[in-house]
Amino acid sequence: AAPPGVAAAPAAAPAPAAAPSDATSGATSGATRPEALTFAPGEVTEYQGQRLDAAAGIPEVSIMGPPGVGRASYRLVVDGLVREPLSLTLAEALGFPRAEKVITLHCVEGWTATALWGGLLLEDLIDRAGAFPEATTVIFEAIDGYSSSVPLADLRSRHLILASSINGIELPPERGFPFQVAAEAKWGYKWVKWVKRITLSAEADYKGWWERTGYSITGDLGESRREPSPPPAARGQN
């Protein structure tokens with residue numbers, strides 16, 4: 001059974017996405033962009049009475065543009081502080097029980113996008129690998145070299161989803177195919193796309209791509225998105 005607040009999704013695979021759009025992960029509110037009203041064939045427009053934003057209306061933000069991902073060669077690796085490291089084919093990863101939930105993505109640039117995210121529960125994946133007791137942090141590495149992390153406790157308490165679909169269709173390439181972290185209640189820079197590796201670590205202060213520039217390590221909504229600057233003396237200044 002799915003955890004409270006998370007709906008169990010049908011076992012069938014999501015419908016393939018339409019041809020890639022040139023917009024999908026970062027500039028203004030999806031609700032106010034004209035293309036936000038353009039839904040792909042098979043994409044649901046609302047869920048349980050809640051209006052959704054189209055996948056094509058979510059701005060594209062990445063460090064070097066969407067990477068190409070080969071279905072046959074793709075592997076999802078789970079390693080680090082685990083008893084049984086995993087290297088899963090796309091089909092094996094998609095074979096985990098599915099869950100879905102409406103979640104709003106909040107970008108630090110000021111826009112938001114609400115969508116129905118579907119995929120596997122990250123806790124199921126980690127439980128399959130068997131996390132060691134000292135593991136406190138889950139590090140996500142993307143195919144393009146981007147990385148970020150979430151506390152393992154947050155991942156479990158919020159039942160975070162490793163999404164393979166959006167609004168009932170397969171994630172488009174620019175949205176994060178084959179997997180994006182649906183990091184509920186976290187700023188958008190925690191929503192790692194094109195996930196290829198998940199590493200369990202005891203490094204609670206791990207800094208990913210944006211955290212190294214001063215963004216918050218936890219990335220929680222409602223808290224400052226930037227880490228506080230050290231006092232001048234700590235920076236070696238008079």
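Buried here means under 20% relative accessible area, and that cut-off is all you need for the opening stop. This is a predicted model, by the way.

**Stop 1: strand β9 and its hairpin**

Select residues 147–151, which make up strand β9. Four of its five residues are buried, so β9 is largely enclosed by the rest of the structure. Now add β8, residues 137–142. β8 and β9 run antiparallel to each other and pair over five bridges. For a landmark in that pairing, show I139, which sits opposite S149 in β9. The two strands form a hairpin with four residues between them. While you are in the turn, click on G145: its phi is positive, about 100°.

**Stop 2: the nonpolar core**

Next, go inside. The largest nonpolar core has 57 residues. Which members touch the most others? Select L76, L125, F140, L162 and I198. Then colour strand β7, residues 112–121, because this strand gives the most to the core, with five residues. As general background, nonpolar side chains in soluble globular proteins tend to be buried together.

Centre the view on L162 and show what surrounds it. Setting aside neighbours within four places in sequence, the contacts of L162 include L76, L125 and I198, each of them also on the list of best-connected core members. G118, G119, L120 and L122 are among the other contacts of L162, as are F179, Q180, V181 and V195.

**Stop 3: aromatic pairs**

Switch to the rings. There are five aromatic pairs in the structure. One of them is W117 with W191, an edge-to-face pair at 5.2 Å centre to centre and 65° between the planes. W117 belongs to strand β7, while W191 is in the loop between β12 (180–182) and β13, so the pair ties together parts that are 74 residues apart in sequence. Both W117 and W191 are buried.

Another pair to pick out is W210 and Y215. Their ring centres are 5.8 Å apart and their planes are at 75°, so this pair is edge-to-face. Add Y189 to the selection, and you have one aromatic cluster made of Y189, W210 and Y215.

Stay on W210 for a moment. Where is it in the chain? W210 lies in the segment after β13 (195–201). Is W210 buried or partly exposed? With a relative accessible area of 36%, it is partly exposed. Y215, at 16% relative accessibility, counts as buried. Beyond neighbours within four places in sequence, W210 is in contact with Y146, Y189 and Y215. For a link back to the hairpin stop, measure from W210 to S147: the two are 63 residues apart in sequence and 8.4 Å apart in space, C-alpha to C-alpha.

**Stop 4: arginines over rings**

Keep Y215 on screen and add R226, which lies over the face of Y215 at 4.7 Å from the ring centre. Then select R225 and W187. R225 lies over the face of W187, at 4.3 Å from the ring centre.

**Stop 5: salt bridges**

Finish with the charged side chains. Side chains of opposite charge can pair when their charged atoms come close. The structure holds 13 salt bridges.

Start with R71 and E170, whose side chains meet at 2.6 Å, N to O. R71 is in the loop between β3 (50–51) and β4 (75–80) and E170 is in strand β11 (residues 169–170), so this bridge ties together parts that are 99 residues apart in sequence. R71 is partly exposed, at 48% relative accessible area, whereas E170 is buried, at 17%.

Now return to strand β8 and select E141. Its side chain meets K196 in a salt bridge of 3.6 Å, N to O. K196 is in strand β13, 55 residues away from E141 in sequence. E141 also forms a salt bridge with R197, where the closest N and O atoms are 3.6 Å apart. R197 sits in strand β13 too, with 56 residues separating this pair.

How exposed are these three? K196 counts as partly exposed at 30% relative accessibility, R197 counts as partly exposed at 28%, and E141 is partly exposed at 27%. For the last click, add D79: salt bridges that share partners join D79, E141, K196 and R197 into one network.

How values were computed. Residues numbered from 1 in each chain as written. Predicted model: local features only at pLDDT ≥ 70, side-chain atom pairs only at ≥ 80, totals over all residues. Heavy atoms only, no water. Core = buried A, V, L, I, M, F, W, Y, C linked by side-chain atoms within 4.5 Å. Buried < 20%, exposed > 50% of the residue type's maximum accessible area, 1.4 Å probe, protein only. Contact = heavy atoms within 4.5 Å. Phe/Tyr/Trp six-rings, centres within 6.5 Å; stacked < 30°, edge-to-face > 60°. Lys NZ or Arg CZ within 6 Å of the ring centre and 35° of its normal. Salt bridge = Lys/Arg side-chain N within 4 Å of Asp/Glu carboxyl O. Pairing = 2+ DSSP bridges.
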